[in-house]
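Student: Before accepting the labels attached to a model, I should like to see each one justified. Could we go through them in turn?

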Amino acid sequence: MDQKKKCKILISRITPNSEPQATIESGQYNIHYLIDNSIIYLSICEKSYPRKLAFSYLSEISHEFWNSHGQEALSNSARPFGFSSFDNFLSKTKKIYQDQRAQSNLDKLNNDLADVKKVMTKNIEDLLYRGDSLDKMSDLSSSLRNDSIKYRKHAQKINFDALLRQYAPIVGCGLFFVFLVWYMFLR
């Protein structure tokens with residue numbers, strides 16, 4: 001009865017700006033609440049009951065309630081005890097969460113999720129490293145392209161200079177001979 005009174009006080013003090021989920025210590029119990037779609041879900045547990053498991057329970061209850069009675073609950077024409085059909089689901093879910101195997105299963109699931117998180121983090125780091133390597137390769141290839149254009153122009157200049165050195169004396173001698181012929185015979 002004491003916890004029931006505290007729950008009523010808690011519900012009267014919850015505003016739209018309140019935290020969407022919280023735990024309040026109440027003697028040897030904890031009162032967990034979850035606000036979802038303007039509906040408050042409460043759970044009273046012993047202090048030793050894991051907080052994550054309590055919120056997992058409340059979350060499951062809220063999703064099922066919203067799926068089966070969501071729009072009806074928000075309407076102003078809701079009848080008292082109109083949701084008694086939901087009591088069956090509450091009883092089944094409560095039994096599942098009271099079972100100690102549920103806690104061990106949740107711990108095992110959390111450990112598996114932590115392992116998957118580690119693997120995914122390593123994969124993302126590898127991808128980022130590969131991306132960094134690809135960026136370096138892209139920079140190197142663009143630098144190589146620019147250097148090859150520069151060396152091609154330099155090679156063309158060297159080829160032109162070599163052509164001049166090779167044929168300039170012959171052209172020079174040919175022009176001198178033509179000038180000499182013109183000077184001697186055609187002048």
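**Values and their labels**

Tutor: Let us begin with the first helix of this predicted model: the buried residues of α1 are Q3, C7 and L10.

Student: What puts these residues on the same side of α1?

Tutor: They cover an arc of only 60 degrees around the axis, and therefore lie on the same side of α1. The face turned away from that buried side carries the exposed residues K4, K5, K8, S12 and R13.

Student: Against which strands do the buried residues of α1 pack?

Tutor: They pack against β1 (21–26), β2 (29–36) and β3 (39–46).

Student: How do you know that the span of helix α1 agrees with its number of residues?

Tutor: The helix has 12 residues, 2–13, and at 1.5 Å a residue it should span 16 Å. Its end C-alpha atoms are 17 Å apart, which agrees.

Student: Why is C7 called buried or exposed?

Tutor: Buried means under 20% relative accessible area. The value for C7 is 8%, so C7 is buried.

Student: And what is the corresponding label for C173?

Tutor: The cut-off for exposed is over 50%. C173 has 52% relative accessibility and therefore counts as exposed.

Student: How many disulfides does the structure hold?

Tutor: The structure holds 0 disulfides. The criterion is a pair of cysteine sulfur atoms within 2.5 Å.

Student: Turning to the loop between α1 and β1, where I14 is found, is I14 buried or exposed?

Tutor: With a relative accessible area of 16%, set against the limit of under 20%, I14 is buried. Leaving aside neighbours within four places in sequence, I14 is in contact with Y33, I35 and I40. I14 and I40 are 26 residues apart in sequence, while their C-alpha atoms are 9.0 Å apart in space.

Student: Which residues does UniProt list as "transmembrane region", and what is the secondary structure there?

Tutor: The unreviewed UniProt entry lists residues 167–185 under that name. In the model, the chain over residues 167–185 is 100% helix and 0% strand, with end C-alpha atoms 27 Å apart.

Student: What pattern does the protein follow along the sequence?

Tutor: The pattern is α-β-β-β-α-α-α, from 4 helices and 3 strands.

Student: What share of the protein is buried?

Tutor: Buried residues make up 18% of the 187 residues. The protein exposes about 15200 Å², of which carbon and sulfur atoms supply 59%.

Note on methods
Residues are numbered from 1 along each chain as its sequence is written. This is a predicted model: local features need pLDDT of at least 70, side-chain atom pairs count only at pLDDT 80 or more; totals for chains, interfaces and linings use all residues. Side-chain values use heavy atoms; hydrogens and water are left out. Helices (H or I, at least four residues) and strands (E, at least two) are DSSP runs, numbered from the N terminus. The expected span of a helix is 1.5 Å times one less than its number of residues. Buried means under 20% relative accessible area, exposed over 50%, partly exposed in between (1.4 Å probe, protein chains only). The arc is that of the directions from the helix axis to the C-beta atoms. Contact means heavy atoms within 4.5 Å. UniProt positions are given in the numbering used here, feature names are shortened, and annotations may be inferred rather than shown by experiment. Accessible areas come from the Shrake-Rupley method with a 1.4 Å probe; for residues, only the protein chains shown count as cover.
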